[in-house]
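Hi everyone, thanks for having me. Today I'd like to walk you through how some helices meet one another. Let's bring the structure up on the screen.

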Amino acid sequence: MQAALDAAAGVHVHHEGAELFSRFAQANAGLALGVIGFGIAMGALFSVAYVVAIGRVGNLSPRALALSVAGGLFLVLYVVPFLKFPANPPAASAEGTIKERTGYFVLMILVAAIALAAALWVGRKLTARMDTWSATLLAAAVFVVLVGLVMAITPGFVEAPQPLLDADGKIVYPGFPAHDLYLFRLYSFTTQAIMWATIGIGFATVISRKPVDTPAAV
C-alpha cells in the first residue's frame, strides 16, 4: 500500500529488505501466540479483579460474580475505548498521531473504570431506597452519562488513509478499502468478546464445582 502511495505521489523511496517473519507466519503462528499471551495476561487481571470484587458488588453467587467481572472488564478495557477509537489495521493508522491516540485510548479506559465504579456505588446506595431493577437502570444511566460526556469532549482522529487526489482533483489512489476496515474491526471486537466470554464462563464453571472428598491415605 505504501509503495502505491509513493508511486502516486511521484516519490522514490528506498524500502528495506525482506521481513524477518513472513506475512503467513505473522498471520498464523504469530497471531496465535499473541492471542494466547494476551489471554493469559487478561486472565491474571481477571483473577485479581474477582478477588477485589468479592463482597463489594452485591450479594452475588460466585458464578454470577465471575460473569459480572468478566463483562465489566470487557466493557472497561475494550468496548468503551472501541466506541470512541475503533481498532485500525497497522496500514491504516497515522504514525504522526500514535502517541496522542494512545494517550486518549488510555484515558478512555480510566474514564470507563471510574464511571463503572461510580455506577456501582450509586446502584448500591439506591438499592436501599428502591427496587433492584430501578436502581440498576439508574446506575447504568450514570455510567452512560459519564462516559458520553467524556467522549463528547474528546477529539476524534481520522486515521484511515483518504483518497489521494492530484492537482486537478482526480482520485489517483482510492484510499484504504472501507470493507477491509469494517472486517478488521469486526474481527477485533469478536476476538475480544470470545476471549472475555471464555474467561468468564470458564472461571464460573470451575468455581461452581465442589471439591470431591477423598479418603485419607492409610
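Let's begin with two helices: α3, which covers residues 62–84, and α6, which covers residues 178–207. They pack with their axes 8 Å apart, at an angle of about 160 degrees. An angle over 145 degrees counts as roughly antiparallel, so that is what we call α3 relative to α6. Please keep in mind as we go that this is a predicted model.

The crossing of α3 and α6 is right-handed. Who makes the contact? On the α3 side the residues include Pro62, Ala66, Leu73, Phe74, Tyr78 and Phe82. On the α6 side, among them are Arg185, Phe189, Trp196, Gly200 and Ile207. If we sort the whole contact by class, we get 17 nonpolar residues, three polar and two charged.

Now, how many aromatic pairs does the model have? The count comes to nine. I'd like to show you one that sits in the contact we just looked at: Phe82 and Phe189. Their ring centres are 5.5 Å apart, and the planes make an angle of 55 degrees. A pair counts as edge-to-face over 60 degrees and as stacked under 30, so this one, at 55 degrees, is tilted.

Here is something fun to find on your own screen. Phe82 belongs to helix α3 and Phe189 to helix α6, 107 residues apart, so the pair links distant parts of the chain.

Are these two rings buried or exposed? Phe82 has 16% relative accessibility, and because the cut-off for buried is under 20%, Phe82 counts as buried. Phe189 has a relative accessible area of 29%, which makes this residue partly exposed. The two also have company: together with Phe74 and Tyr78, they form one aromatic cluster.

Let's stay with α3 and look at another partner, helix α4, residues 98–127. The axes of α3 and α4 come within 8 Å and cross at roughly 140 degrees. That value is not over 145 degrees, so α3 is called oblique to α4. This crossing is right-handed.

Which residues meet here? From α3 we have Gly72, Val76, Leu77, Val80 and Pro81. Facing them from α4 are Phe105, Met108, Ile109, Ala112, Ala113 and Leu116. By class, this contact has ten nonpolar residues, one polar and no charged.

To wrap up, α3 is roughly antiparallel to α6 and oblique to α4. Thanks for listening!

Technical notes
Residues numbered from 1 in each chain as written. Predicted model: local features only at pLDDT ≥ 70, side-chain atom pairs only at ≥ 80, totals over all residues. Heavy atoms only, no water. Axes fitted to C-alpha atoms, helices over the stretch in contact; angles between N-to-C directions. Helix = DSSP H or I, 4+ residues; strand = E, 2+ residues; numbered from the N terminus. Parallel < 35°, antiparallel > 145°, perpendicular 65-115°, else oblique. Left-handed = near helix turned anticlockwise from the far one by under 90°. Contact = heavy atoms within 4.5 Å. Nonpolar A, V, L, I, M, F, W, Y, C, P; charged D, E, K, R; others polar. Phe/Tyr/Trp six-rings, centres within 6.5 Å; stacked < 30°, edge-to-face > 60°. Buried < 20%, exposed > 50% of the residue type's maximum accessible area, 1.4 Å probe, protein only.
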